[in-house]
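Biologist: I would like to learn how to read a two-chain model, one feature at a time. Where should we start?

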Amino acid sequence: MKRLVAAVLLGTTLALAGCGERSQQVSYSKGRYAGKPDTPAWAGDEFKHSRADWERAIKARNLRQNEYERTSGRGG
Amino acid sequence: MARMKFICDAERCIECNACVTACKNEHEVPWGVNRRRVVTVNDGRPGEKSMSVACMHCSDAPCMAVCPVDCFYKTEDGVVLHDKDLCIGCGYCFYACPFGAPQFPQTGTFGMRGKMDKCTFCAGGPEENNSDAEFVRYGRNRLAEGKLPLCAEMCSTKALLGGDGDVLADILRERVVVRGKGAEVWGWGTAYGKPEKKTEEPKS
């Protein structure tokens, strides 16, 4: 008898679990970004969350676009 | 803090379209979508000028203002990006953008529009940095590798510059002084006033 009750309870639970309905509404706040959060550029393996290192690397490449710096021997 | 911008020096652009090709190749952009293109005015006449155009990552971006599902966001460095999972392909951003930057792949037999695609400043999108999911949807994330957009970095005449707006303004200013004309286009500081946030020098 106990087994029968347990089987019925288990069966009912499983059957009802299939009836669950999840809300498909996106949580929306008007005028604010509603998508997934993004990770900053310095968060990867390359810079290991060091924003200063990342900014230094970007600035170095930025200055390298100035060919006056590259050709005049002023550095860069 | 950098404020990422592009500047195209029309005095130097030779309309080689290498920036367009590099962008398409780097991000494996699908057929029919051009994140960057070269516009020529007075084509074939004296005074012809060319300019490479893509998303300009506006300080006050109209695409962000008109998007009905708010799928746009701006990174701390001023790069305007969007979440393709949220985009409904309505095309409002295309009508709002003064540069024609938003592109829409044709996905169906009857010319149905897909999700919007645009220049990401080689900064990927809201997926894990340099993951397959990010590459498939948004292209390569060069900023996370400490590099600048490929279109600007490989420009042979250095007409197209990309990076921190203040640094670009300095480079352009030096050019203007050397060639002795064009003082009216002295960079972003003149055009847009002070930076949005206080610039912090990285500690050495």
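Modeller: Start with burial. This is a predicted model, and in chain B, buried residues make up 38% of the 204 residues.

Biologist: How many helices and strands does chain B have?

Modeller: Chain B contains 7 helices and 6 strands. Along the sequence they follow the pattern β-α-β-β-α-β-β-α-α-α-β-α-α. Of the contacts in chain B with a separation of 6 or more, 52% are between residues 24 or more positions apart.

Biologist: Take one helix. Which residues of α1(B) are buried?

Modeller: In α1(B), residues 18-27, the buried ones are C19(B), C23(B) and H27(B). Looking down the axis of α1(B), these residues fall within an arc of 40°, so they line one face of the helix.

Biologist: What covers the buried residues of α1(B)?

Modeller: The cover includes two strands of chain B, β3 (49-53) and β6 (160-164), along with the helix α5 (150-153). As for the backbone, E28(B), just after α1(B), has a positive phi of about 50°.

Biologist: Now the other chain. How far should α2(A) span, at 1.5 Å a residue?

Modeller: The 13 residues of α2(A) should span 18 Å, and the end C-alpha atoms are 18 Å apart, which agrees. The buried residues of α2(A) are W54(A), E55(A), A57(A), I58(A) and N62(A). They cover an arc of only 160° around the axis, so they sit on the same side of α2(A).

Biologist: What covers the buried residues of α2(A)?

Modeller: Chain B contributes here: the cover includes β6 and α6 (165-179) of that chain.

Biologist: That leads to the interface. How many residues of each chain are in contact?

Modeller: The general idea is that the size of an interface is often given as the accessible area lost when the parts come together. Here we have residue counts: 29 residues of chain A are in contact with 34 residues of chain B. On the chain A side, the elements giving two or more residues are α2 (51-63) and α3 (67-72). The largest share, 10 residues, comes from α2(A). By type, the chain A side divides into 13 nonpolar, 7 polar and 9 charged residues.

Biologist: Which elements of chain A have the lowest and the highest mean pLDDT?

Modeller: The general rule is that where pLDDT is low, the predicted coordinates should not be read in detail. Chain A averages a pLDDT of 83, and 84% of its residues score at least 70. Among its elements, α2(A) has the highest mean, 94, and α3(A) the lowest, 77.

Terms used. Residues numbered from 1 in each chain as written. Chains lettered and ligands numbered in written order. Predicted model: local features only at pLDDT ≥ 70, side-chain atom pairs only at ≥ 80, totals over all residues. Contact = placed C-beta atoms within 7 Å. Helix = DSSP H or I, 4+ residues; strand = E, 2+ residues; numbered from the N terminus. Nonpolar A, V, L, I, M, F, W, Y, C, P; charged D, E, K, R; others polar. pLDDT = per-residue confidence, 0-100. Buried ≥ 20, exposed ≤ 12 C-beta atoms within 10 Å, placed from the backbone. Arc of directions from axis to C-beta. Expected span 1.5 Å × (residues − 1).
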